[in-house]
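User: Hi! Could you walk me through this structure?

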Amino acid sequence: MPRFELNDTDVVVIVGSGAGGGTMANELTRRGLKVVMFEAGKRQSLATFSQNPGEAFAQLTWLEPRTQSGSWDPVKTSPTLPAWHCRTVGGTTVHWTGATPRLQPYEIRARSVYGDIPGASLADWPIDYDELKRWYQVAEKRLGVTRRNGNPGMPASNNFKVMYAGARRLGYKRVHTNYLAINSRARDDRAFCIQQGFCVQGCKTGAKWSTLYTEIPRAEASGRLDLRSECFVTRIEHDEAGRATGVVYRDAAGQEQRQRARIVCVAGNAIETARLLLLSESGRFKHGLANGSDQVGRNYCHHVLSFVFGIFDQPVSFWRGAVLAGVVEDENIQDPRRGFAGGYHLELAMLDLPTLPLIGLPYGWGRDFASVVDNYRNMAGMLVNGEDLPRADNRITLSSTRKDGYGLPVAHIHCDPHPNDLAMRAHATGQGRKIYEAVGAKRTVVSPMPPATHQMGTARMSHDPGQGVTNAYGRTHEVPNLFISDGSVQTTAGAANPTLTIVALALRQADHIGREAAAGRL
Amino acid sequence: MNTRATHTDSLESADRRSFVRGVGVLTGVIALGSPLAGLLPSRAWAVQLQVLSSAEAAALLAMIRTIAPHDTLDDAAYALVVVAVDGDAAGSTEARAGLKAGIASLRDGFALMPEGARVEQLRRIESGTFFQSVRIKTLLVLYNNPIAWSHFGFEGESFSKGGYLLRGFNDLKWLPDVPLADSGPMPTA
């Protein structure tokens with residue numbers, strides 16, 4: 001692996017190695033560019049992944065403190081962990097569950113389709129659906145998504161049999177084993193899924209796509225990737241003309257270093273991406289880098305999330321098998337007669353035993369709580385994943401009370417769910433209960449919002465530099481060689497799990513950078 | 001959301017243990033026929049404590065059983081939580097004092113009260129730091145060990161056994177199978 005010089009002004013710096021950063025590294029090195037990619041966490045491998053959920057959590061999770069406020073559930077239910085994502089090479093693609101639905105055409109025109117909803121900061125995406133669809137197709141081939149391009153669907157698990165039977169009885173039509181970036185047969189030099197039930201702990205066979213063992217090693221094989229793990233970027237610097245010149249970071253030994261750069265791409269997961277831009281304030285960019293619009297950190301979206309569990313008289317053993325291998329798509333529509341704008345997916349879900357009481361039943365104690373866990377063998381589970389509306393004041397700021405190990409303010413998350421989100425949650429969890437009741441559930445249990453696993457919107461795309469942080473290529477309006485390459489750029493959340501969209505937009509951004517660089521404009 | 005796994009290592013055979021170092025001890029006997037019998041060297045177990053007296057440990061164990069009442073889950077699993085709470089408190093004088101004061105705030109004879117009375121007492125301190133820290137520790141430790149996994153049915157690590165592809169991920173028979181068009185075939189090498 002090459003080691004580029006700190007003062008090499010020809011490298012592209014990428015901050016973060018997950019779905020966005022890892023994909024960018026492969027795409028840019030393929031195009032002949034030299035890349036230095038920073039990752040705050042350590043490098044794991046299929047061999048070091050642990051199927052002890054507690055160990056895996058400690059090994060992979062972003063555990064730096066955050067502060068939070070607002071009326072969303074995690075303030076009460078998950079005070080020390082408002083968001084659950086990764087700090088490891090491969091980022092959150094190490095612990096994701098592989099669900100890869102596309103956004104629907106109506107969802108990227110949310111402002112036009114839903115109208116002006118008070119209390120929401122809706123906007124249309126600055127990109128045509130046909131264009132997005134073209135890049136979805138490229139991304140789906142890259143990730144080997146099931147039920148696309150001739151890849152077989154996943155076989156049905158016990159948990160899915162329950163969801164399927166109930167959903168069909170309710171009249172739902174589009175119910176299947178989901179679109180998954182998990183090999184349903186061996187492909188891309190990776191094994192097929194053997195239904196381990198530990199997607200979240202890191203897939204020990206590599207059947208699930210992760211940049212850790214796909215995009216990143218390919219970029220390394222090009223000889224043009226310098227991956228610096230355990231290195232934490234604290235600031236992006238710029239010159240007098242307002243162009244990014246490089247980054248300041250702490251190396252694995254905690255020493256401050258400076259890496260010069262020709263282009264900087266930030267893909268730190270939407271909370272840390274916003275934090276880094278805010279930390280990079282300067283005399284010229286007084287409210288944070290590329291933040292003349294005051295939109296950095298605002299419009300934070302995390303999806304309407306809720307578990308629904310059904311308890312039956314007979315065993316389900318829902319911990320066996322790929323976690324999210326099932327979906328009901330019928331509610332991913334715009335139909336205001338349901339009492340809210342936007343739509344949702346009902347996705348198959350299970351929780352391993354140690355995680356269930358923490359994420360799925362986080363308020364509980366006493367007989368009522370214990371009686372749910374007592375039925376662990378006989379539980380079926382699903383996760384509501386719905387579109388939450390962006391709000392200007394749902395935002396990431398720099399904490400005024402808490403600092404990290406380097407003395408830098410940690411991210412503060414403020415979130416008040418929009419009434420539309422609450423109406424959708426009530427409808428979706430109600431439908432989830434009905435699905436289980438239709439096949440004889442003796443009890444159903446609904447969880448509050450678990451820690452946020454999908455972070456979006458904190459540096460959103462917009463044609464209008466006053467309404468967003470980047471243009472349609474994720475290129476910031478104010479700093480021409482600064483790009484945002486993760487879910488931060490999503491103008492709205494839609495109901496799709498974000499990874500496929502992040503990869504599609506990264507592929508498109510890399511194509512744009514490659515052309516601009518070749519034409520001498522970057 | 002979990003701390004590192006707590007294993008049964010901290011439960012030792014009572015007969016092999018020297019009791020001189022600890023402040024208090026918690027002891028128990030595993031029920032005949034329990035699946036735990038294979039996990040431990042003998043049915044009688046004992047744990048040594050660093051902070052708590054035997055009486056305090058017994059009260060804490062009763063509190064944990066009230067937070068997460070699984071009647072047939074062996075006391076040995078609950079003892080792991082006691083050990084974890086005790087171990088956390090050993091780190092500082094402040095934590096030590098906080099834990100002891102918390103337990104002292106439970107009424108005399110708490111461990112021997114009927115469940116309804118214990119619940120009533122805990123409701124009164126439910127929003128306080130002591131209760132919440134014990135509750136969170138209970139969630140973190142009680143369900144993250146082989147004793148609990150065996151009790152509740154969670155089968156744990158599966159990679160070394162080839163996952164569940166041929167071991168029951170689709171063995172549910174009380175509902176119809178899903179048509180192939182909405183699922184997919186079993187993979188073949």
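Analyst: Happy to; we can take the overall build, the chain contact, the core and one helix pair in turn. This is a predicted model, where local features need pLDDT of at least 70, side-chain atom pairs count only at pLDDT 80 or more, and totals for chains, interfaces and linings use all residues. Residues are numbered from 1 along each chain as its sequence is written, and chains are lettered from A and ligands numbered from 1 in the order in which they are written.

User: What does the secondary structure of chain A come to?

Analyst: Chain A has twelve helices and 17 strands; these are DSSP runs numbered from the N terminus, with helices being H or I of at least four residues and strands E of at least two. The radius of gyration of chain A, taken over C-alpha atoms, is 22 Å, close to the 24 Å from the globule rule (2.2 Å times the number of residues to the power 0.38) for 522 residues, so chain A is as compact as a globular protein of that length.

User: And how much of chain A is buried?

Analyst: Buried residues are 63% of the 522 in chain A. Buried means 20 or more other C-beta atoms, placed from the backbone, within 10 Å of the residue's own.

User: Switching topic: how many residues does each chain put into the contact?

Analyst: Chain A gives 55 residues and chain B gives 43, with contact meaning C-beta atoms, placed from the backbone, within 7 Å.

User: Which element has the largest share on the chain A side?

Analyst: That is α6(A), with six residues. By class, the chain A side has 28 nonpolar, 18 polar and nine charged residues. Here Ala, Val, Leu, Ile, Met, Phe, Trp, Tyr, Cys and Pro count as nonpolar, Asp, Glu, Lys and Arg as charged, and the others, Gly among them, as polar.

User: Which residues have the most contacts inside the largest nonpolar core?

Analyst: Val35(A) and Val82(B), in a core of 212 residues. Such a core is a set of buried Ala, Val, Leu, Ile, Met, Phe, Trp, Tyr and Cys residues joined through C-beta atoms within 7 Å. Helix α2 (residues 75–89) of chain B supplies its largest share, ten residues.

User: What does Val82(B) touch?

Analyst: Leaving out residues up to four places away in sequence, Val82(B) touches Leu26(B), Ala57(B), Leu60(B), Leu61(B) and Ile64(B).

User: Last one: how do α1 and α12 of chain A cross?

Analyst: Their axes, lines fitted to C-alpha atoms over the stretch in contact, come within 9 Å and cross at roughly 30°, on a scale from 0 to 180 degrees between N-to-C directions. Among the residues that meet there are Met24(A) and Leu28(A) in α1(A) and Ile502(A) and Leu507(A) in α12(A).

Terms used. Contact = placed C-beta atoms within 7 Å. Buried ≥ 20, exposed ≤ 12 C-beta atoms within 10 Å, placed from the backbone.
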